[in-house]
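Me: Can you walk me through a structure? Keep it short, please.

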Amino acid sequence: MSDLIAAVATAPGAGGVGILRLSGPGAARTAAQVFRPAGKISLMEAPDRKLLYGSILDKEGRVIDTGLAFVSRGPHSYTGEDTAEIQGHGSPMVLSLALEALFAHGARQALAGEFTKRAFLNGKLDLTQAEAVIDLIHAETPAAARQAAGRLEGTLSRTIAAIYDGLVDLSAHFHAVLDYPDEDIDPFREETIRTALDEALVGTDALLATYDRGRQLTTGVPTAILGRPNVGKSSLLNALVGYDRAIVTQIPGTTRDTIEAKASVGGVLLNLTDTAGLRETGDEAERLGVARSRAAAQEARLVLLVLDGGAALTPEDREAIALAKEAPACICIVNKSDLDQVLDLEALGRDFPNLCLVSAKNQSGLETLGPMVARLFPTGDGGEGEALLTNARQMEAVQRAGENLRRAREGLELGVPPDLLLSDVENALEALGEVTGTTVREDITSRIFQRFCVGK
């Protein structure tokens, strides 16, 4: 299999610009077979990152486009290898013909995430930075984009490294005293060990405390829209996502299954689930939909309880209210504010401090919903200086490191000899190393890069 990889690096479909990317031995030479500069300098002779204008050729050497190209030689490139890019117009046919030409001259199709995987293997990125690349590509809110950019710059890496380095110093001292007992090395001091373990525990605990917010930024908040039939749940979903995602009719039971969509509300990404209206029904399909509605409400971190402001509460409303009160967070939305209000808003406000009046049909009052969501699920500014754990892999590894450190700390208080604490300290180091890739596990890295698109 060729070590030279190539792929289209821009999104599928027609566009203003299309980019072909190469990485590996002979990247410049192969690109030069497909790109003919208009000037006298060839790609092989061009300085790194100097854009050249010229013609893009197919495998027969025929001109199929005009564009730009440059080379970037390793190790000063994204992957750490020799790389090249050819930029033309975003015609799928042109990109296909040019890619075919690159294959004819010795390149092979890059696998999903292979460019970034090479960057990791060549020491240009660690695993947290590689994960930040895909999170940045998929960011759906400004805060998520800023946070991913910060991790790409190394915020989480530096935080992990500070904990890791402190434990390495402690482990090195352990080994020095144990392996060279006749040397003049400072003996173990219980207070020094205690301080080092406490500092590391503070660091791991602080990181674990960021996980919920980090996960929220990258994957969104599971949110169930709950209520009886015909209160406006589907209209609310459509208003929040900005298009007709759900069918809206005056017929009760129109929504018979859960409908999912995403929306940024108050700068927070919500994974919305429009549920079937809660009611007793003999229709088997609708009955199953109602059961799914109850399950969605129980699994949600946020429930948007929708009530009809123009009608008195029904038994179905009261069931929805009871379910909503069990949720970790709830906003009560009194819909149909354009009608005469019948509900006792003061009484509702005592049960639901987060209460807003809207007309989903007229899309009025929705501006009050964003600040409520933002207060319930603060994202911070997503700033580049803040280190957050953003996925279960990172969280599990840091949690494991903390458990080993806590075990070492408890052993110290019980009078366990320092040399017996070494195993727990080294296990903590191994777990922290998994976060950044210092300790490489092939199954973990393969799973990470499978999330990437081809060409990145």
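Here is a quick chat about a few residues and one helix pair.

Me: What kind of model is this?

Reply: This is a predicted model.

Me: OK. Where does Thr-141 lie?

Reply: Thr-141 sits in the loop between helix H4 (127–137) and helix H5 (142–152).

Me: Is Thr-141 buried or exposed?

Reply: Buried. Its relative accessibility is 6%, and buried means under 20%.

Me: What does Thr-141 contact further along the sequence?

Reply: Leaving aside neighbours within four places in sequence, Thr-141 is in contact with Ser-264, Gly-267, Val-268 and Leu-269.

Me: And which backbone nitrogen lies 3.1 Å from a polar atom of its side chain?

Reply: That of Ala-144.

Me: Back to those two helices. How do the axes of H4 and H5 cross?

Reply: The axes come within 8 Å and cross at roughly 155°. Angles over 145 degrees count as roughly antiparallel, so H4 and H5 are roughly antiparallel to each other. Their crossing is left-handed.

Me: Which residues meet there?

Reply: From H4, they include Thr-128, Glu-131, Val-133 and Leu-136. From H5, they include Ala-145, Ala-148, Arg-151 and Leu-152. The residues of this contact divide into seven nonpolar, two polar and three charged.

Me: New topic. Where is Asp-317, and is it buried or exposed?

Reply: Asp-317 lies in helix H11 (residues 315–325). At 2% relative accessibility, Asp-317 counts as buried.

Me: What does Asp-317 touch?

Reply: Not counting residues up to four places away in sequence, Asp-317 touches Arg-228, Val-231, Leu-307 and Ala-312. Also, a polar atom of the Asp-317 side chain lies 3.0 Å from the backbone nitrogen of Thr-314.

Me: How far apart are Asp-317 and Val-306?

Reply: Eleven residues in sequence. In space, 8.8 Å from C-alpha to C-alpha.

Me: Now the backbone. What is usual for phi and peptide bonds?

Reply: Most residues other than glycine have a negative phi, and most peptide bonds are trans.

Me: Which residues does a cis peptide bond join here?

Reply: Gly-74 and Pro-75, with omega about 5°. Pro-75 is in the loop between strand S5 (63–72) and strand S6 (83–90).

Me: What about phi at Arg-49?

Reply: Arg-49 is not a glycine, yet its phi is positive, about 60°. Arg-49 lies in the loop between strand S3 (35–37) and strand S4 (52–57).

Me: And phi at Lys-336?

Reply: Positive too, about 65°, and Lys-336 is not a glycine. Lys-336 lies in the loop between strand S12 (329–335) and helix H12 (345–351). With a relative accessible area of 23%, Lys-336 is partly exposed.

Conventions
Residues are numbered from 1 along each chain as its sequence is written. This is a predicted model: local features need pLDDT of at least 70, side-chain atom pairs count only at pLDDT 80 or more; totals for chains, interfaces and linings use all residues. Side-chain values use heavy atoms; hydrogens and water are left out. Helices (H or I, at least four residues) and strands (E, at least two) are DSSP runs, numbered from the N terminus. Buried means under 20% relative accessible area, exposed over 50%, partly exposed in between (1.4 Å probe, protein chains only). A polar contact is a pair of N or O atoms within 3.5 Å; within protein, one must be able to donate a hydrogen and the other to accept it, and residues adjacent in sequence count only if both atoms are side-chain atoms. Contact means heavy atoms within 4.5 Å. Axes are lines fitted to C-alpha atoms, for helices over the stretch in contact, and angles run from 0 to 180 degrees between N-to-C directions. Angles under 35 degrees count as roughly parallel, over 145 as roughly antiparallel, 65 to 115 as roughly perpendicular and the rest as oblique. A crossing is left-handed if the near helix is turned anticlockwise from the far one by less than a right angle, and right-handed if clockwise. Ala, Val, Leu, Ile, Met, Phe, Trp, Tyr, Cys and Pro count as nonpolar, Asp, Glu, Lys and Arg as charged, and the others, Gly among them, as polar.
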